[in-house]
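Subject: Structure handover

Hello,

Here is the structure you were waiting for. Please open it first, then read the notes under it.

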Amino acid sequence: MPASPAPLRLARLLPVLLLLPAVDAAAQCINYANHLHAVADLPLVEAPRLVEAEGDRLHILADRLPWESDVLYLVDVAVPAQPVLTDSLVAPANAYGLAVDQGWAFFATAADGLRSLDLADTTRAGSLPLPGISTAVAVGSGLAYVGHAHDDTTQLLVVDVSDPLAPAL
């Protein structure tokens, strides 16, 4: 005589039964006060694309029209509920990546490789021309890590930026 299929049916229903609430269970309120929520907003003219933080300052790279340079907004967030736009700077056109380290902004660009900009004195800038497209950048300990694509090859370039005015491979 074949075994009864009842245990098999119960095994299939067990996960469903475990998900069903008890008939006499009371509804629960969830307090969302401790979940993510906005504490402030700051209207900007251009659309933010990349955001980097360093200390109490945000650096927001925003798009302008395709034929214009991008803009880099500097925002003081010492009081998070009251962000203050402190400056806006011309950023390289077609910047795909942004990193900020020790008062310098580093841009991975579509046409100009790696660009650097002293945020305290914007007349001080450096660059490392690279063929192809630089798509991302991270900076730390005097090195920039640049995501790069050229001639059907993608790679990570490690660039010495200990002197941000003269980045070098």
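A polar contact here means a pair of N or O atoms within 3.5 Å, where one must be able to donate a hydrogen and the other to accept it. By that rule, the side chain of D70 makes a polar contact with the side chain of R49, at 2.7 Å. Keep in mind that this is a predicted model.

**The D70 site**

D70 is found in strand β3. Is D70 buried or exposed? Its relative accessibility is 4%, and the cut-off for buried is under 20%, so D70 counts as buried. Leaving out residues up to four places away in sequence, D70 touches a run of others, including L61, A62, D63 and R64. L89, V90 and A91 are also among them, as is R49.

**Salt bridges**

Side chains of opposite charge can pair when their charged atoms come close. How many salt bridges does the model hold? The count comes to four. Three of interest follow.

- R49 and D70 meet through their side chains in a salt bridge, 2.7 Å from N to O. This pair links distant parts of the chain: R49 sits in strand β1 and D70 in strand β3, 21 residues apart.
- D63 and R49 also meet in a salt bridge, 2.5 Å from N to O. D63 lies in strand β2 and R49 in strand β1, so this pair ties together parts that are 14 residues apart in sequence.
- D112 forms a salt bridge with R115, with the closest N and O atoms 3.3 Å apart.

R49, D63 and D70 are thus linked in a network of salt bridges. D70 is buried, but R49 is partly exposed at 30% relative accessibility. D63 is partly exposed too, at 32%. Over at the other pair, D112 is partly exposed at 35%, and R115 is partly exposed at 28%.

**The four-stranded sheet**

The network residues sit in strands, so here is their sheet. Four strands form an open sheet in the order β1-β2-β3-β4, with antiparallel pairing. Its edge strands are β1 (47-54) and β4 (84-91), and each pairs on one side only. On average, neighbouring strands are turned by 25 degrees against each other, direction ignored.

Going across the sheet:

- β1 and β2 (residues 57-63) pair over seven bridges. L50 has L61 in β2 as its bridge partner. The hairpin of β1 and β2 has two residues between the strands, and G55 takes a positive phi near 65 degrees there.
- β2 and β3 are joined by six bridges. H59 stands opposite L74 in β3.
- β3 (residues 70-76) and β4 pair over seven bridges. D76 has V84 in β4 as its bridge partner.

**The three-stranded sheet**

Another open sheet has the order β9-β10-β11, again with antiparallel pairing. β9 (133-140) and β11 (153-160) stand at the edges with a single partner strand each, so one side of each is left without a neighbour in the sheet. Neighbouring strands here are turned by 20 degrees on average, direction ignored. Seven bridges join β9 to β10. A138 has Y145 in β10 as its bridge partner.

Which residue deserves a look in β10? Try A144, which lies in that strand (residues 143-150). A144 counts as buried, at 0% relative accessibility. Beyond its neighbours within four places in sequence, A144 is in contact with L114, V137, A138, V139, L157, V158, V159 and V161. The C-alpha atoms of A144 and F106 are separated by 8.3 Å, and the two residues are 38 apart along the chain.

Best wishes

Technical notes:
Residues are numbered from 1 along each chain as its sequence is written. This is a predicted model: local features need pLDDT of at least 70, side-chain atom pairs count only at pLDDT 80 or more; totals for chains, interfaces and linings use all residues. Side-chain values use heavy atoms; hydrogens and water are left out. Two strands pair if DSSP finds at least two bridges between them. Axes are lines fitted to C-alpha atoms, for helices over the stretch in contact, and angles run from 0 to 180 degrees between N-to-C directions. Buried means under 20% relative accessible area, exposed over 50%, partly exposed in between (1.4 Å probe, protein chains only). Contact means heavy atoms within 4.5 Å.
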